[in-house]
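Dear colleague,

I am passing on the structure that follows, together with some notes on what was found in it. Please look through the model first and then read on.

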Amino acid sequence: MPPAVRAFLRRVTGNYADADDLAQEAFARTWAVLNRFDGASTLRTFICGVAFQYWRRERRSSSRRQ
């Protein structure tokens, strides 16, 4: 796992374990949407974007459940 992606996710989540879980999910999701990568940014930026969107959706979903 690229350290820069994990570091970004640790800043977003504030938790090492959550960041590692999110990174694993982000790489799996990135693989699924890799055809959308157009090269306008770095792959690291693309992965961080995928991870951030996933984190945001999960956070919204959990707040709705409460």
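The notes below deal with the nonpolar core, then with one helix and a buried threonine, and finally with the salt bridges.

Please keep in mind throughout that this is a predicted model, and that the values below were computed from it.

I begin with the interior. The largest nonpolar core is made of eleven residues, and these are V5, L9, A19, L22, A23, A26, I47, C48, A51, Y54 and W55. Two or more residues of this core come from each of the elements α1 (3-13), α2 (16-32) and α3 (43-65), and α3 is the element that gives the most, with five residues. As general background, nonpolar side chains in soluble globular proteins tend to be buried together. A useful residue to select in the viewer is L22, which, once its neighbours within four places in sequence are set aside, is in contact with L9, T13, A51, Y54 and W55.

The helix α3 deserves a separate look. It has 23 residues and reaches 33 Å from its first C-alpha to its last, which is close to the 33 Å expected at 1.5 Å a residue. Its buried residues are F46, I47, C48, V50, A51, Y54 and W55, and what covers them includes α1 and α2.

Is T30 buried or exposed? This residue, which is found in helix α2, has a relative accessible area of 4%, and because that value is under the 20% cut-off T30 counts as buried. If its neighbours within four places in sequence are left aside, T30 is in contact with F46, I47 and V50; each of these three is listed among the buried residues of α3.

That leaves the charged pairs, for which the count comes to three salt bridges. In one of them R6 pairs with D20, the closest N and O atoms being 2.9 Å apart, and this pair links distant parts of the chain, since R6 is in helix α1 and D20 in helix α2, 14 residues apart. Another joins D20 to R10, with the closest N and O atoms 3.6 Å apart; D20 lies in helix α2 and R10 in helix α1, so this pair ties together parts that are ten residues apart in sequence. R6, R10 and D20 are thus linked in a network of salt bridges. As for their accessibility, R6 is partly exposed, with a relative accessible area of 24%, D20 is also partly exposed, with a relative accessible area of 24%, and R10 counts as partly exposed at 27%.

The remaining salt bridge is formed by R29 with E25, and here the closest N and O atoms are 3.0 Å apart. Both residues lie in helix α2, four residues apart, which is about one turn of the helix. In general, an α-helix has 3.6 residues a turn, so residues three or four places apart point the same way. R29 is partly exposed, with a relative accessible area of 34%, and E25 likewise counts as partly exposed, at 29% relative accessibility.

With best wishes

How values were computed:
Residues are numbered from 1 along each chain as its sequence is written. This is a predicted model: local features need pLDDT of at least 70, side-chain atom pairs count only at pLDDT 80 or more; totals for chains, interfaces and linings use all residues. Side-chain values use heavy atoms; hydrogens and water are left out. A nonpolar core is a set of buried Ala, Val, Leu, Ile, Met, Phe, Trp, Tyr and Cys residues joined through side-chain atoms within 4.5 Å. Buried means under 20% relative accessible area, exposed over 50%, partly exposed in between (1.4 Å probe, protein chains only). Contact means heavy atoms within 4.5 Å. The expected span of a helix is 1.5 Å times one less than its number of residues. A salt bridge is a side-chain nitrogen of Lys or Arg within 4 Å of a carboxyl oxygen of Asp or Glu.
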